[in-house]
Amino acid sequence: MTRQITATEFHAAEGVEDWRSLYHLVSAHFPTVSLTDGIALVDEIGRLADEAEQQILSIDLRGAGVTVSLSRRDAGLARRISAAARDRGLSADPTAVQVINVTLDALVGADVLPFWRAVLGYSPIGHDYLYDPSRRGPGFGLQQMDVPRSHRNRMHLDVAVPHDQAEARIAAALAAGGRLVSDAHAPMWWVLADAEGNEVCVATWVGRDAGASGTV
């Protein structure tokens, strides 16, 4: 099987300036003035992607724009999609892409994951992550907790944002009354909290490359 290129390699390729890495995905958002414009772009993407490429495509179509995500970092397909958008007078907005996960601290993940799989109607990836088969809802992950925790919530959000948007997103959150809990792992992720201590992690792809294995 062909090795997936790393996020660093993807962003070093030519013609992918519209795209941003978010965890294992690369995504681009193209604002439109009408649903008709968006449908035309989606139709063209369907024509230019071959059968194998269509398997890695995820498209969110709204009246205000089209968000395209690739589950494999395919620079060639990304370039063709960007070219199709430009041909229709559409420009990408990198600030409009993100991935949201809900993360639950668990003492014994195997004991609780079946419940969340059933109640959410999600499918598993590995032993600690669930995803929405329809790709409409956020991901749901488990984080190992060594001892019971009572001093803060055991559930938090993980928000993956473009690497060049992270500082602005964090600054906006701090200006809105939040506080920085930790930047020990920055720029991979920062931990923020609201005025009552509820936490969220703001994450980027920077530092997540796994070299030649391409597993991230």
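**Group meeting: cores, a surface patch and some odd backbone spots**

Okay, let's begin at Leu-70. Setting aside neighbours within four places in sequence, Leu-70 is in contact with Trp-19, His-24, Leu-25, Val-26, Ile-56, Leu-57, Leu-77, Ala-78 and Ile-81. Before I go on, keep in mind that this is a predicted model.

So where does Leu-70 sit in the bigger picture? The largest nonpolar core has 22 residues, and Leu-70 is among those with the most contacts inside it, along with Trp-19, Val-68 and Ile-81. If you want to find that core on the screen, look at E2, H2, strand E4, which is 65-70, and helix H4, which is 75-87: each of them supplies at least two of its residues. Which element gives the most? That's H4, with six residues. There's also a second core, separate from that one, with eight residues, including Leu-104, Ala-106, Leu-113 and Phe-140.

Now to the outside. Leu-35, Ile-39, Ile-59 and Leu-61 make a nonpolar surface patch of about 300 Å². Two elements, helix H2 (35-48) and strand E3 (57-62), each put at least two residues into that patch. H2 may ring a bell, as it also supplies at least two residues of the 22-residue core. Take Leu-35, which is found in H2. Is Leu-35 buried or exposed? Neither, quite: its relative accessibility is 43%, so Leu-35 counts as partly exposed, the class between under 20% and over 50%.

Last topic, the backbone. As a reminder, most residues other than glycine have a negative phi, and most peptide bonds are trans. Here are some exceptions in this model.

Tyr-23 comes up with a positive phi, near 55°, and it isn't a glycine. You'll find Tyr-23 in the loop between strand E1 (20-22) and strand E2 (25-31). Tyr-23 counts as buried because its relative accessibility is 19%, and the cut-off is under 20%.

Arg-135 is another non-glycine with a positive phi, about 60° this time. Arg-135 is in a loop too, the one between strand E7 (129-131) and strand E8 (139-144). With a relative accessible area of 55%, though, Arg-135 is exposed.

And which residues does the cis peptide bond join? Those are Ala-186 and Pro-187, with omega at about 10°. Pro-187 lies in the loop between strand E10 (179-182) and strand E11 (189-193).

That's my tour, thanks.

Notes: Residues numbered from 1 in each chain as written. Predicted model: local features only at pLDDT ≥ 70, side-chain atom pairs only at ≥ 80, totals over all residues. Heavy atoms only, no water. Patch = residues over 30% accessible without salt bridge, like charges linked within 9 Å, V, L, I, M, F, W, Y side chains within 5 Å. Areas by Shrake-Rupley, 256 points an atom, 1.4 Å probe, with all protein chains shown as cover. Salt bridge = Lys/Arg side-chain N within 4 Å of Asp/Glu carboxyl O. Helix = DSSP H or I, 4+ residues; strand = E, 2+ residues; numbered from the N terminus. Buried < 20%, exposed > 50% of the residue type's maximum accessible area, 1.4 Å probe, protein only. Core = buried A, V, L, I, M, F, W, Y, C linked by side-chain atoms within 4.5 Å. Contact = heavy atoms within 4.5 Å.
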